[in-house]
Amino acid sequence: KFDRLNMAERMRIAIEIAYLKAGDLGLILVDEAEHFDSATWEAFKQAATESGLQFVAARVADSDLEVLT
């Protein structure tokens with residue numbers, strides 16, 4: 001069933017799993033975030049914010065480097 005979910009839903013589930021595995025560090029590295037479209041990126045940011053964890057994710061953009069906190 002997981003293979004049939006859209007990327008936003010997969011990311012939501014992945015963040016939930018990462019939250020359970022984060023331990024004391026609370027840092028999650030996200031691979032393949034450069035493939036997210038705008039809607040998936042927004043869903044990721046919302047889920048990441050709600051998790052209370054810190055995330056490192058790279059994204060392709062036509063702008064200068066931006067670090068979000």
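Where is Glu32 found? Glu32 sits in the loop between E1 and H2. The model is predicted, and the description below starts from this loop residue before turning to confidence, the core, single residues and the pocket.

**Glu32**

The phi angle of Glu32 is near 75 degrees, which is a positive value in a residue other than glycine. Glu32 has 41% relative accessibility and therefore counts as partly exposed, since that class lies between the limits of 20% and 50%.

**Confidence**

The mean pLDDT of the chain is 84, and 100% of the residues score at least 70. Within the chain, confidence is lowest in helix H1, residues 7-21, where the mean is 82. Strand E2 has the highest value, 90.

**Nonpolar core**

The largest nonpolar core is made up of 13 residues. Met11, Ile28, Val30, Phe36 and Phe44 have the most contacts inside it. Two or more residues of this core come from each of H1, strand E1 (27-30) and H2. H2 supplies the largest share, 4 residues.

Phe36, one of the residues with the most contacts in the core, can be followed further. With residues up to four places away in sequence left out, Phe36 touches Met7, Met11, Trp41, Phe44 and Arg59. Met11 and Phe44 in that list are also among the core residues with the most contacts.

Phe55 lies in strand E2. Apart from its neighbours within four places in sequence, Phe55 is in contact with Ile15, Leu27, Ile28, Val30, Phe44 and Ala48. Ile28, Val30 and Phe44 are again among the residues with the most contacts inside the core.

**Two buried residues of H2**

Which helix holds Thr40? Thr40 lies in helix H2, and Ala48 has its place in helix H2 as well. At 7% relative accessibility, Thr40 is under the 20% limit and so counts as buried. Ala48, at 10%, is under that limit too and therefore counts as buried.

Their contacts can be listed residue by residue. Thr40 touches Met7 and Ala8 when residues up to four places away in sequence are not counted. For Ala48, leaving aside neighbours within four places, the contacts are Ile15, Leu53 and Phe55. The contact between Ala48 and Phe55 thus appears from the side of Phe55 as well.

**After E2**

Ala58 belongs to the segment after E2. Not counting residues up to four places away in sequence, Ala58 touches Ala33 and Glu34.

**C-alpha separations**

The table sets sequence separation beside distance in space for three pairs.

| Pair | Apart along the chain | C-alpha to C-alpha distance |
|---|---|---|
| Ala48 and Ile15 | 33 residues | 7.1 Å |
| Phe55 and Asp24 | 31 residues | 14 Å |
| Ala58 and Ala43 | 15 residues | 15 Å |

The pair Ala48 and Ile15, with C-alpha atoms separated by 7.1 Å, is also a contact pair.

**Largest pocket**

How much space lies in the largest pocket? The value is about 760 Å³. The pocket is lined by 21 residues, of which Trp41, Ala57, Glu66, Val67 and Leu68 are the closest to its centre. Helix H2 (38-51) and strand E2 (54-57) are the elements that give two or more residues to the lining. H2 contributes the largest share, 5 residues.

By class, the lining consists of 13 nonpolar, 4 polar and 4 charged residues. Trp41, one of the residues closest to the pocket centre, is also touched by Phe36. H2 accordingly appears in two roles: it gives the largest share of the core, and it gives the largest share of the pocket lining.

Notes
Residues are numbered from 1 along each chain as its sequence is written. This is a predicted model: local features need pLDDT of at least 70, side-chain atom pairs count only at pLDDT 80 or more; totals for chains, interfaces and linings use all residues. Side-chain values use heavy atoms; hydrogens and water are left out. On a 1 Å grid over the protein atoms alone, a cavity is a set of points where a 1.4 Å probe fits but cannot get out, and a pocket is an open set with protein on both sides within 12 Å along at least five of seven lines; lining residues have an atom within 4 Å of a point. Grid points are joined across faces, edges and corners, and a volume is the space filled by probe spheres set on the points. Ala, Val, Leu, Ile, Met, Phe, Trp, Tyr, Cys and Pro count as nonpolar, Asp, Glu, Lys and Arg as charged, and the others, Gly among them, as polar. Buried means under 20% relative accessible area, exposed over 50%, partly exposed in between (1.4 Å probe, protein chains only). Contact means heavy atoms within 4.5 Å. pLDDT is the predictor's confidence in each residue, from 0 to 100. A nonpolar core is a set of buried Ala, Val, Leu, Ile, Met, Phe, Trp, Tyr and Cys residues joined through side-chain atoms within 4.5 Å.
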